[in-house]
Amino acid sequence: MKEDKLRNKQVQFFYSGATLDIKSRIVYLKKLKECIKNYEPQITEALRLDLGKGSFEAFSSEIGLVLHELSMHIRNLRKWAKPQRAKTPVHAFPSRSFIYKQPLGRVLIISPFNYPFLLAVGPLIGAVSAGNVAVVKPSELTPHTSIVIKDIIEKVFKPEYVEVVQGGVDVSRQLLDERWDKIFFTGSSRVGKIVMEAATRNLTPVVLELGGKNPVVVDNDANLEVAARRIMWGKLLNAGQSCVAPDYLYVHKDVSKIFLQFMKESITRFWGEPKTNKDFTGIVNGATVQRLAKLMKDVHLFHGGNFDAVRKYVSPTLLTDVSNDSSIMKEEIFGPILPVLEFEDFYEVIETVNKREKPLAAYYFSENKEKQKYFLQHTFSGDAMINDVVLHFTNNSLPFGGVGNSGIGKYHGKGSFDIFSHERSVMKTSTLIDLPLRYPPYKEKMFRLLHFLFR
């Protein structure tokens, strides 16, 4: 069987020690970076064909972030991979203690459609940096990007090092039935549960980068014009198809009317007529457009609300008169639609937010330092921002990931190297000295000494 043959080749390649040399890893990372730079026009065109992405967004939210991640790994890999000294207790004398970073082995990366290049190649950088062999399964919903990814990988790596496997749900199921040393999955919580269930059969560790309903709270002392611009930018990036996008917004009742107007003005200023604006990303397919259209049914349409399943388009939309029982509040939106709710009491809205599953991100806009502190201490999410949205995802000095229902594990930068590595604890003990204290026969004074040492 082809899959068995690939597995055997990759396992043999890994245990040959070919991926252990740090210098060799850096060479491959540099080759990957150069190849991506050469393929920038093809990647940009593929993203346009699959998602209708403009060239600016294709580079700023995908290609550029991958190149930045590669640069960080190339620059820091030797330092990250170096064995770390650890303290040694006196009872272990004469020993020295270390933590070694070892590759896990053979890893599987399953990526989604919304950032098809970034979320396939980004985790792969960490896997290669840490010394693993890998199989990458791109999304079947973005076929043009998947083909370009496969072309790039085949130019840089041998298949026994990194292989791209294409196909639909059946292929993913077959891959999940295999034995892996780690599975990295990005996608919905629903599919994440399926991945985790499959992984438990082989006791395979997983990284799950999922999503959830990310809240935004705008207080009455916030800089409203700035908040409106930043929220609408983050919400409409990639047409709302971002796991860190604001999913619903609570605005203080005292400023709700003016804030809605500011958001409406931001939409017009940013996009003009979005349907004809080449920089406004489309929806992945017609079925998703129909799903989003249904979510707008039982609420008041403040702005937008237009959709076209044939052209894979949903307009930037603001919804009001939304309740927690509205259908749009029962699932992750993953589109350019923002439901807006009002609140009067800051502490009550925190309680309301906390009644939901822990989201991937939580956002708060206020100039009050004490309330900012309270928000960070009393809300629970994978990550958080104060007075901005989404931008934390681009900082590869910050480990990124979810908690609870929004995911398991964090990556980006050194976090990507760490998550694909095993921390092996090592003690090295000299044979020049061999204290007799630990050997029987034991004496009472030795027992008292042991009590002293361990306390």
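The conversation below goes through how the terms used for this predicted model apply to its parts.

Reader: Before we start, what should I know about the numbering and the model?

Author: Residues count from 1 along each chain as its sequence is written, and side-chain values use heavy atoms, with hydrogens and water left out. The model is predicted: local features need pLDDT of at least 70, side-chain atom pairs count only at pLDDT 80 or more, and totals for chains, interfaces and linings use all residues.

Reader: Thanks! How many helices and strands does the protein have, and what makes a stretch count as one?

Author: There are 15 helices and 20 strands. Each is a DSSP run, H or I of at least four residues for a helix and E of at least two for a strand, numbered from the N terminus. The C-alpha trace spans about 80 × 55 × 40 Å along its principal axes.

Reader: Why is Ser-129 called buried?

Author: Buried means under 20% relative accessible area, exposed means over 50%, and partly exposed is in between, with a 1.4 Å probe and protein chains only. Ser-129 has 0% relative accessibility, so Ser-129 counts as buried. This serine lies in helix H5. Over the whole protein, buried residues make up 53% of the 455 residues.

Reader: Which residues does Ser-129 touch, and what makes a pair a contact?

Author: A contact means heavy atoms within 4.5 Å. Leaving aside residues up to four places away in sequence, Ser-129 touches Arg-25, Leu-29, His-73, Leu-77 and Phe-417. In the protein, 72% of the contacts with a separation of 6 or more are between residues 24 or more positions apart.

Reader: And Leu-376, is it buried, exposed or partly exposed?

Author: At 46% relative accessibility, Leu-376 falls between the two cut-offs, so it counts as partly exposed. Leu-376 lies in helix H13, residues 369-378. Beyond residues up to four places away in sequence, Leu-376 touches Ala-384 and Ile-386. The C-alpha atoms of Leu-376 and Ile-386 are separated by 8.7 Å, with their positions 10 residues apart along the chain.

Reader: Where is the kink in helix H4, and how is the bend defined?

Author: The kink in H4, residues 55-81, is centred on Arg-75 and comes to about 50 degrees. The bend at a residue is the angle between axes fitted to the seven residues ending there and the seven starting there. H4 is also mostly covered, with 19 of its 27 residues buried.

Reader: Why is strand S3 described as largely enclosed?

Author: Five of the five residues of S3, residues 106-110, are buried, so the rest of the structure largely encloses this strand. In a regular strand the side chains alternate between the two faces of the sheet. In S3, Arg-106, Leu-108 and Ile-110 are buried on one side, and Val-107 and Ile-109 are buried on the other.

Reader: How do you know that S3 pairs with S4 and with S6?

Author: Two strands pair if DSSP finds at least two bridges between them. S3 and S4, residues 133-137, have five bridges in the parallel sense, and Lys-137 in S4 is the bridge partner of Ile-110. The chain passes from S3 through helix H5, residues 118-129, to S4 in a right-handed β-α-β crossover. Right-handed here means that, with the strands pointing away from the viewer, the path from the first strand over the helix to the second runs clockwise. S3 and S6, residues 182-186, have four bridges, again parallel, and Leu-108 stands opposite Ile-183 in S6.

Reader: What is the strand order of that six-stranded sheet, and why are S5 and S18 at its edges?

Author: The order is S5-S4-S3-S6-S7-S18 in an open sheet with mixed pairing. S5 (162-164) and S18 (407-408) each have a single partner strand, so one side of each is left without a neighbour in the sheet. For S5, the pairing with S4 is parallel over three bridges, with Val-164 as the bridge partner of Val-136.

Reader: Which strands form the three-stranded sheet, and in what order?

Author: That open sheet runs S1-S2-S20 with antiparallel pairing. S1 and S2, residues 95-103, share three bridges, including one where the partner of Arg-85 is Phe-98 in S2. Nine bridges join S2 to S20, and Arg-96 stands opposite Lys-428 in S20.
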